[in-house]
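A request for a close look at one part of a structure comes first, and a connected answer comes after it.

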Amino acid sequence: MTMTPFEIEEELKKCVKCGACMAVCPIYRQTGREDMVARGKLNLIELIKGSKELPAGWLEAVDYCLLCCSCEENCSKGVKITEIIAAARVQQTEIMGLNPIKKGVFALLKNRIISISRFVKLGSFGQWLLWQRLPRHSGLVRRLPLPGIDEKTVIPALPKRNLDDLLRKQRAAAGLQPILFFPGCATRYLHPQMGLDLIFVLEKLGFNAIVPPEFKCCGMVTWGAGDESTSAKLKQANLKVLHENAGIKQLVTGCASCGHALKDYDGRPQNCEILDISEFLFQHREKLEDLLGKRKLRQKITYHDPCHLRKGQGVSKEPRWLLNLIAGENFIEMRHPERCCGAGGTFGITHKELSRKILKEKTLAADATGAGIVASGCPGCILQLTEGAVVAESDWQAEHPITLLANLLHQTEPEER
Ligand code: SF4
Ligand code: SF4
């Protein structure tokens, strides 16, 4: 996953310093600083060659990046900017070590001391002491003053039972075609209902979702943070599961970041197609159209493109096809749906102020549509958008398209008049 020093050098040579990346960088839009945009970052990264000392300004420049791929999408020379920045973070980690908070979180992903599953379950018992439910949205906000957390910061409610627990009680109907489902950490541990929704839709289409409990975190967040060894371990564990299930021809995920990471795994079985759920549903569009019949969403709905889906995987038409199918004329595009929401893995936690400024553009665009629902195919974006709605006191809810589709399929089809 991480580039070698030779590969970095070759990539850096491709940059012609044209500055086209400036037009689309959300960090540059907010800060106006040249060292914050890809061109400036690459200049600094070039300076470190072979050195064990970080040049002045390096830390800020390398740290202030959402890995949103916007610059990459706009770069006519095809410079692999996000890979270079991630590799620079690895170099930084080698010299300075990992931030202690990230170190603790990533230890959970590796099941060190306590597994992530047990950690979430323990947390679910005590969460009500410090956190309270949001009245109009899903998620929790603090009950009492907490250091570094303001009253509008939204965290997910920790469920007592994760997706694996819930699936233990389920039995698939006979005759279904097997398909792998990679839920990702957010769906598996924080939003298991989203996983059940996806499985329900797959079943309706004739597929039995196999969710191997051995699947680990996809490694995107550790890769973005410069923790190369954890990313490599997670990737190897997932590759082992993929090879053990090599007879299954397709894998779906409802998480944009997981899909982006999995599609980039070198050494994965070539006969297994990795698909975002919107791509999979598009492949089965005729059957889904028949299944849905006349059922349609009555609320206005708009859509935010997750960066790791649109720019990371080039998937933007399929989610729009899906939203048109379930909402018809009630689906309205927002201004700049492609712009990053400011979540960027852990960026929304570590750079709250800047992240909120980027988020504000998104909430204003969503507000302007008059929609009651903002759909997005990424659990990280959904959490960030929910916080945006809370901060701006907006009326809309952020939802995954698969939840909307599953809810519609649960409804009875309206009678012909
Ligand atoms: S758009 Fe690409 S080639 Fe142009 S300055 Fe940015 S990184 Fe370099
Ligand atoms: S990845 Fe996004 S935030 Fe980072 S430099 Fe490129 S456009 Fe800016």
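What follows is that request and its answer.

Q: Please look closely at the sheet in the order S4-S3-S5-S6 and then set it beside the rest of the model: which strands stand at its edges, and which helix packs on S3 and S4?

A: This is a predicted model, in which local features need pLDDT of at least 70 and side-chain atom pairs count only at pLDDT 80 or more, whereas totals for chains, interfaces and linings use all residues. Residues are numbered from 1 along each chain as its sequence is written, while chains are lettered from A and ligands numbered from 1 in the order in which they are written.

The sheet in question is open and built of four strands in the order S4-S3-S5-S6, with parallel pairing; two strands are said to pair if DSSP finds at least two bridges between them, and the strands (E, at least two residues) and helices (H or I, at least four residues) are DSSP runs numbered from the N terminus. Strand S4 (207-210) and strand S6 (273-276) are the edge strands, and each has a single partner strand, so one side of each is left without a neighbour in the sheet. On average, and with direction ignored, neighbouring strands of this sheet are turned by 35° against each other; axes here are lines fitted to C-alpha atoms, for helices over the stretch in contact, and angles run from 0 to 180 degrees between N-to-C directions.

Strand by strand, S3 (residues 177-181) is joined to S4 by four bridges, and the two run parallel. Along this pair Gln 177 faces Phe 207 in S4, and Leu 180 stands opposite Ile 210 in S4. Helix H11 (residues 192-204) packs on the sheet here, touching S3 and S4, and its direction makes about 150° with that of S4; contact between two residues is counted if their C-beta atoms, placed from the backbone, lie within 7 Å. S3 is also joined to S5, in parallel, by two bridges, and Phe 181 stands opposite Val 252 in S5. Helix H14 (residues 256-263) lies across strand S5 (250-253) and S6, running at about 160° to S6.

A further open sheet, of three strands in the order S7-S8-S9, also has parallel pairing. Its edge strands are S7 (301-303) and S9 (397-399), each of which pairs on one side only, and the twist averages 30° from one strand to the next. Strand S8 (residues 373-375) pairs with S9 in the parallel sense over three bridges, with Val 374 standing opposite Ala 398 in S9. Helix H18 (residues 317-327) packs on this sheet, where it touches S7 and S8, and its direction makes about 175° with that of S7.

Helices H20 (residues 352-369) and H21 (residues 379-392) pack at an angle of about 80°, with their axes 9 Å apart. That makes H20 roughly perpendicular to H21, given that angles under 35 degrees count as roughly parallel, over 145 as roughly antiparallel, 65 to 115 as roughly perpendicular and the rest as oblique. Among the contributors to the contact are Arg 356 and Leu 359 of H20 and Gln 384 and Leu 385 of H21.

The domain assignment of the protein gives domain 1 (5-96) and domain 2 (292-410), with bounds that come from an automatic or database assignment. Their centres, taken over C-alpha atoms, are separated by 28 Å, and nine residues of domain 1 are in contact with twelve residues of domain 2. On the domain 1 side, H2 and H5 are the elements that give two or more residues, and the largest share, three residues, comes from H5.

Ligand 2 has 15 residues around it, of which Cys 25, Cys 65, Cys 68, Ser 70 and Cys 71 come nearest; a residue is near a molecule or strand if its C-beta atom, placed from the backbone, lies within 6 Å of it. Helix H2 (26-31), helix H5 (70-73) and helix H6 (81-96) are the elements that give two or more residues to this shell. Ligand 1 likewise has 15 residues around it, with Cys 15, Cys 18, Ala 20, Cys 21 and Cys 75 nearest, and helix H3 (residues 38-47) supplies the largest share of the shell, three residues.
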